[in-house]
Amino acid sequence: MNPLQVSEIEYVDVIVVGGGIAGVSIAEFLARHSNLSVKLLEKAPQIGTLASGKLEGWYHTGALYSGQDDAQTFINCVNGLEDLINLYTPYFKEQCNVNLVEKNNNFFSPAISPNSKGWFNDAPVYLIHPQEDAPEIRSSRLKSDAIQINIQRNRVLGRLEVAYGKQHNWLVNNKCLAPTYKQVENYEKLDCSLKKSTDIINNLCNQFDKSYNMEPSNYDFIKTLDCSMHTSRILQDLVASCLSNGVTFETGIKIEKLLIDSYGKLKIKSLLCETKEGRSKRLKAKLFIFAVGEGFEPFLKDLQVRAKLKRSRSAMVVAYPALVDTNFVRMSTKNRFHFNHFVQQRELGNEKYIYSLLADSGYANDDSNDGVDIEPILESAERYFGKEKLYSRQLYSYECVKTEFISQEEQKRRYSYWIESDEDSNYLCVLPGKFSFFPTVAYQAYQRIKTLLDFEENQPKSPFQSNLKIETQANQLVAESHPMQIFLAN
């Protein structure tokens with residue numbers, strides 16, 4: 001930065017660094033519940049350009065994590081759904097189409113309502129869980145594999161039944177209340193009321209087994225509350241709410257340096273930045289919130305952050321038009337048998353795009369020079385859909401970089417958000433996790449902000465009402481999802 005260059009100086013109450021789902025949801029929730037002036041900074045030209053725009057758009061209510069040894073990630077998903085219904089459904093009444101529905105007399109469970117303009121697609125994700133006669137077990141000579149698949153199956157059926165079956169009433173004193181960790185872990189029956197299949201799912205599994213020269217095996221098919229979500233629409237609506245509540249956005253801005261007062265408790269005095277036009281800018285605030293994934297590393301040393309970070313790259317394969325109209329995920333105790341198929345629908349002008357997103361659990365560490373191997377995804381897709389059907393589609397692949405924090409156990413990945421702050425300082429650090437957890441991270445960050453800043457809380461006007469000017473501005477600020485960018489470029 002040229003020291004002789006004129007530098008603009010700007011002051012606001014709160015600066016949020018990072019224009020992914022974490023930063024946007026924190027800014028939106030804070031602006032909705034306070035009169036604080038908030039400004040959001042994003043280095044990319046548009047909001048939601050990186051990980052938030054590249055994931056497959058899977059809304060996680062816990063199904064994928066229901067078979068893990070530790071139920072904590074499953075419970076995080078279940079609690080995230082509670083936060084969504086309590087904190088977002090009443091405010092985004094037309095957009096957030098998930099709510100409690102009366103299944104039996106005075107017994108309520110969460111459900112997705114059909115809504116072409118809603119955040120969530122009401123088509124469920126079917127969970128395919130293999131049993132002892134499945135290819136991955138029959139091809140193994142280890143007796144322990146059959147035992148492990150049964151242990152995992154029991155966890156899946158029990159946990160999902162408690163959370164979303166006939167065991168827990170989510171409506172308590174006119175409030176949405178999720179089951180507790182203890183409730184989930186204490187249920188040991190296997191009579192899961194969520195078991196359900198379709199002809200499409202049955203045929204796909206039969207074709208998969210046949211590809212191994214095996215007779216059709218037995219599976220547990222579970223109709224889950226997981227679904228595909230419209231990530232760019234969620235971001236657009238959150239940004240629209242931000243704009244209507246006075247949040248300002250600046251994209252294409254690069255933070256050159258953190259100016260820190262290192263005497264006593266560490267505090268940030270200013271952010272020295274370069275705007276997209278190449279001008280120098282100094283930004284000052286009462287509170288600085290860092291909600292960045294990719295690009296967080298440069299701030300670690302300056303902010304004395306204690307988190308241990310891990311960057312990983314995962315592969316996505318896009319197939320257009322969609323291979324089938326059904327979302328499904330195969331769970332297994334063998335990683336190479338994991339496979340996800342998601343259907344997404346997007347509209348651009350008068351054009352409608354319905355496409356498949358294919359993925360598995362494979363990933364590569366970001367310090368590896370090798371690319372992520374997409375061959376396992378293609379091989380699984382061939383087995384389910386057949387080569388002729390698969391390769392008759394337009395197929396594209398891309399990588400998504402995610403930054404995660406990890407526990408002391410190196411091998412144990414974390415999928416929730418991590419928040420760190422010091423009550424005597426003036427900054428807050430958030431490391432993003434799953435897109436699905438945005439209601440929880442926004443609420444938890446807000447609770448932490450209240451310990452760092454003294455401000456008057458507001459009751460937001462409900463429901464949220466946008467207008468054409470704000471919607472147009474929000475749509476311009478938010479990037480199209482990455483698959484749509486691929487279609488437009490090709």
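**Entry 1: strands**

I began with strand β16 (residues 339–348) and β17, and found that nine bridges join the two strands, which run antiparallel; here two strands pair if DSSP finds at least two bridges between them. I noted for myself that strands (E, at least two residues) and helices (H or I, at least four) are DSSP runs, numbered from the N terminus. This is a predicted model, in which local features need pLDDT of at least 70 and side-chain atom pairs count only at pLDDT 80 or more, while totals for chains, interfaces and linings use all residues. Residues are numbered from 1 along each chain as its sequence is written, and side-chain values use heavy atoms, with hydrogens and water left out.

Looking along this pair, I saw that R346 has Y353 in β17 as its bridge partner. In the hairpin of β16 and β17 there are two residues between the strands, and G349 takes a positive phi near 65°.

I then asked which strands β16 and β17 pair with besides each other. Strand β15 (residues 327–330) pairs with β16 in the antiparallel sense over three bridges, and strand β14 (residues 309–320) pairs with β17 (residues 351–359), also antiparallel and over three bridges. Following single residues across, I found that F328 has H341 in β16 as its bridge partner, that H341 in turn stands opposite L358 in β17, and that L358 is also the bridge partner of V317.

Is β16 enclosed or open? Seven of its ten residues are buried, so the strand is largely enclosed by the rest of the structure; buried means under 20% relative accessible area, exposed over 50%, and partly exposed in between, with a 1.4 Å probe and protein chains only.

**Entry 2: helix pairs**

Two packed helices are described by the angle between their axes and the distance between the axes. The axes are lines fitted to C-alpha atoms, for helices over the stretch in contact, and the angles run from 0 to 180 degrees between N-to-C directions.

I looked up helix α7 (residues 199–210) and helix α10 (residues 375–385), which pack at an angle of about 115° with their axes 6 Å apart. That makes α7 roughly perpendicular to α10, given that 65 to 115 degrees counts as roughly perpendicular, under 35 as roughly parallel, over 145 as roughly antiparallel and the rest as oblique. L204, Q207 and F208 in α7 meet R383, Y384 and F385 in α10, where contact means heavy atoms within 4.5 Å.

For helix α8 (residues 231–244) and helix α13 (residues 468–477), I noted axes that come within 8 Å and cross at roughly 125°. The two helices are therefore oblique to each other. On the α8 side the contact is made by Q236, V239, A240, L243 and S244, and on the α13 side by I470, Q473, A474, N475 and L477.

**Entry 3: two single residues**

I placed P179 in the loop between β8 (175–176) and α6 (181–186), and found P179 buried, with a relative accessible area of 2%. Leaving aside neighbours within four places in sequence, P179 is in contact with eight residues I could list: I75, V78, N79, V162, A163, H168, W170 and V184. The C-alpha atoms of P179 and K223 are separated by 19 Å, and the two residues lie 44 residues apart along the chain.

Last, I turned to H33 in helix α1 (residues 21–33), which counts as buried at 13% relative accessibility. With neighbours within four places in sequence left aside, H33 is in contact with Y446, F455, E456, E457, N458 and P460.
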